[in-house]
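Hello,

Here is the structure I promised to pass on. Please open it first, then read the notes below.

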Amino acid sequence: MKILSVSNLNQSFGSRHVLNDISFDIKSGTIVGLVGPNGAGKSTIMKDILGLLDYQSGTITVAGTNTSFQDHRPLKQVGALIEYPGLYPFLTGWDNLKLFATSTVNVEKVVSGLHMSSYIKKRAGHYSLGMKQKLGIALALVNEPDLVILDEPMNGLDPQSVKDLRDLIKQMAENGTTFLISSHILSELEKLADDLIVIKKGRIIQHTSMKEMLNQDSHFIILKTSDDRAANSLVVNAGYQVTASQPLTIIESESDEVAKILSLLSENNIEVIDFQHNEGNLEHSLLTVLAEEKV
Ligand SMILES: Nc1ncnc2c1ncn2[C@@H]1O[C@H](COP(=O)(O)OP(=O)(O)OP(=O)(O)O)[C@@H](O)[C@H]1O
């Protein structure tokens, strides 16, 4: 089922056209990453979905019902963190959550999922930047919404908190929650997102699965052997494409090539001392996609 559908969305600020005919659908239970350069329009898309801006044209539906600046009703099933979390500084983290939560059990669950119990009973105004960010995320997740929109949620979080957040998001997605997450931390998004929407200058230039995105990147094998020269001529003679001899770097064009190359070397008594398998990374793929797209 489609939980979110955006079609032909156009947003201008004065004479500046910031979003151009943005259209995409998101299926329930998926984690979608929204990526693109600074100023591409990611936050603006999120604000439009959340009814925070008055867009010029287009349609946005959440679970099949139209939502807009004028009509927020479908947003009851949506949790969000956009820019800075709106917190009550004189209330404790717990009371901030209680104010929005539909049950104490939900507060307990999110506090334990994000490991916030050591400070949750302290005033939010005294929290560090990362603690405030986690409380903002907890507020977005507390009522187990159908759709969660998070703008740069990993900003300011320590590595353990990033992992806690990733685990919680994955667990919620398995239970049917859908996530739209913008982030510049591509290594994290690579671990988290099922699909990616790439924005450049207010246009969608790709909407693809993470797997396909990573497959666009070249895969290669880097080897250090007991005899690199002999290994080099062996693999070249066997028809593999070698891009460098020091260290020996072989382009992998099919998925079972690693095993074939390793057995070829072993049959010829060449020992493998070190082995690296580069299966593509999001940063490299994304930079390539952005550089190729002339908009
Ligand atoms: N309220 C506003 N008034 C005028 N221009 C705006 C407003 N909000 C955003 N913009 C402009 O719209 C463009 C898109 O901004 P947006 O914040 O959506 O980008 P972004 O992709 O989220 O960038 P970043 O990665 O830096 O957060 C930018 O050029 C920005 O200057």
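**Aspartate 48 and its surroundings**

Leaving aside neighbours within four places in sequence, aspartate 48 is in contact (C-beta atoms, placed from the backbone, within 7 Å) with Leu9, Gln11, Leu53, Tyr55 and Ile60. This is a predicted model: local features need pLDDT of at least 70, side-chain atom pairs count only at pLDDT 80 or more, and totals for chains, interfaces and linings use all residues. Residues are numbered from 1 along each chain as its sequence is written.

Aspartate 48 counts as buried because it has 25 C-beta neighbours inside 10 Å; the cut-off for buried is 20 or more other C-beta atoms within 10 Å of a residue's own, with C-beta atoms placed from the backbone. Its C-alpha atom is separated by 12 Å from that of leucine 4, 44 residues away along the chain.

Aspartate 48 belongs to helix α1, where a helix is a DSSP run of H or I with at least four residues, numbered from the N terminus. Helix α1 (residues 42–49) also gives the largest share of the shell around the ligand, three residues. Among the residues around the ligand (C-beta atom, placed from the backbone, within 6 Å of it) are Lys42, Ser43 and Thr44.

The largest nonpolar core (buried Ala, Val, Leu, Ile, Met, Phe, Trp, Tyr and Cys residues joined through C-beta atoms within 7 Å) has 64 residues, and Ala138 and Ile149 have the most contacts inside it. Helix α4 (residues 129–141) supplies the largest share of this core, seven residues.

The model scores ipTM 0.97 and pTM 0.87.

Regards

Conventions: Helix = DSSP H or I, 4+ residues; strand = E, 2+ residues; numbered from the N terminus. Buried ≥ 20, exposed ≤ 12 C-beta atoms within 10 Å, placed from the backbone. Contact = placed C-beta atoms within 7 Å.
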